[in-house]
Each structure stands twice: as C-alpha cells, then as structure tokens.
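Work through the exercises below with the sequence and the coordinates open beside you. Each task sentence is followed by a solution that proceeds step by step.

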Amino acid sequence: MGREPERAVLDRMLSGAADAPLVAYMYGPGGIGKSSLVRYAAQQAELTGRRVVHVDGRFLDADPRRLEELAAPACAEPGAVLLIDTLEQCQPLEAWLRENFLPRLADRAIVVVASRVAPDAEWSLDAGWAQLLTALAVRPFNAAQSRALLAARGVPAEQRGAFVAFAGGSPLALSLAASVSPAEPGAPWKPAGDVLTTLVERLVGDLPSAVHRRALEVVAQAYVTREPLLRAVHG
C-alpha cells in the first residue's frame, strides 16, 4: 500500500525500459518502508523470470570480499536483480561497490539498494553514474496514506486519529499500533509498553553503549528532556 512513485521506478527498471536507471538507491529512516520496497522488487523480478540476488548488509562487514562472494551471481547472469538491503550496516563499502563491483554486472542487470544513509555525493559527481542512478528518498506517509493503511488493517475509524498522531507517518509505527487492540471497545488508545519497546529496537537498532541506552530511556519517559536532566540521571 502506498509508495506508488517508488514502485513505478522499480517497475520501469524491471521492464527493461531504455530510460530506466541501472541503480535505485532508496534511503530513509528505520521503519519507513525501504525493506518492503526491496521485497516488492524481489516479487516482481521473480514474476518476470529474473534471477534475484539478495544481500543483507546486517551480515556483512567492511571486507568487500564477503559482499563480492554473495553478489557474484549478478555478474554472471544477464538480467539479474541485485538487492542490497540495510547498506548502512556496511556503508564503508559504498565506494567499493560503485567503483569496483557494479561496473562488472552482467548485461541488463539492475540494482536496488536500501539504506538509512543517503548516497554519497560521488554518485552525482561522476558523469557516468549520474545518468545511471536514481536516489529515492522514502518519506513518511501523509495523513491520508496513514489512515488508508489503518483502514486496511481493520482499525475502527474513530481510533485512527490517535494512531496517526502517534506514528508520525511511520509505516512501522502504524502497523505496530494497529496490532494492539484497546483494552475495551471505545476506550481511548495509547501506545502500550511492548509497542514502544519494539518500535525503539527497530528504529534505533544497536546502541553503542549502556550510557546511550540509558539516555534513550530518559528521552522516552520525560515529557521535556534537557541536558541538566540527562546529567542528573547519569550522575
């Protein structure tokens, strides 16, 4: 549901249109729907008989050899579709990907990248890549799109306003909120603790230290958070 402009770009690429880009680089915050678009590309590619090569950046490191090993079929099979999800987990490989690996792709192969980080400027500074890559900023749903998603999930109309206000256009937050029913029919909806916990884990991911986690817990609980408050909590 939604994401029609992004899906239209992917459809053009998969159709082999002469003016379609070689690489679609989708970027946006966690929970915004990038992985859903990657799955859409995989499904559509399979329907057209293309070979799908899926690489998840969560299971890579900064060593390009592992990425090259996993993505190698895209260099051997014409028309392959290389999907690289969560590139932010191995973002140092972006330059290597652009300069060393992608030029070796098989004929008619295309690439879909998803990352929380926008593509670096070198893509647009290189005259060749500027014509072959399209950067797609995946943005939050507007109110109408949010309400449509909630309607599809069976959320009663009278509850949707509270859900929309809570989620801020995040498809993940909307879906999590919709999965929890109110305590009783007609009761005002408020996000439960398990919804907030799951949302934070999915949106924030791994934190660098216990101090960062403690600060995040304070921000989640305090109505207004200022530096003196954080200092007092951390002592």
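**Exercise 1: a residue in a loop**

Gln 91 sits in the loop between β3 (81–85) and α5 (94–101), where helices (H or I, at least four residues) and strands (E, at least two) are DSSP runs, numbered from the N terminus. The model is predicted, so that local features need pLDDT of at least 70 and side-chain atom pairs count only at pLDDT 80 or more, while totals for chains, interfaces and linings use all residues. Residues are numbered from 1 along each chain as its sequence is written, and side-chain values use heavy atoms, with hydrogens and water left out.

Task: determine whether Gln 91 counts as buried or exposed, and with which residues Gln 91 is in contact once its neighbours within four places in sequence are left aside.

Solution. Begin with accessibility: Gln 91 counts as buried because its relative accessibility is 15%, buried meaning under 20% relative accessible area, exposed over 50% and partly exposed in between (1.4 Å probe, protein chains only). Next, take the contacts (heavy atoms within 4.5 Å): without those sequence neighbours, Gln 91 touches Tyr 25, Ser 115 and Val 117. Finally, the side chain of Gln 91 makes a polar contact with the side chain of Tyr 25 at 3.0 Å, and a polar atom of the Gln 91 side chain lies 3.3 Å from the backbone nitrogen of Glu 88. A polar contact is a pair of N or O atoms within 3.5 Å; within protein, one must be able to donate a hydrogen and the other to accept it, and residues adjacent in sequence count only if both atoms are side-chain atoms.

**Exercise 2: a helix pair**

Task: establish at what angle helix α3 (residues 64–71) and α5 pack, and which residues meet.

Solution. The axes, lines fitted to C-alpha atoms, for helices over the stretch in contact, with angles from 0 to 180 degrees between N-to-C directions, are 11 Å apart, and the angle is about 55 degrees. That makes α3 oblique to α5, because angles under 35 degrees count as roughly parallel, over 145 as roughly antiparallel, 65 to 115 as roughly perpendicular and the rest as oblique. From α3, Pro 64, Leu 67, Glu 68 and Ala 71 meet Trp 96, Leu 97 and Phe 101 of α5.

**Exercise 3: a covered helix**

Task: find how many of the eight residues of α10 are buried.

Solution. Seven of the eight are buried, leaving α10 mostly covered; among them are Pro 171, Leu 174 and Ala 178. These three also take part in the meeting with α8, where Ser 146, Leu 149 and Leu 150 are the α8 partners.
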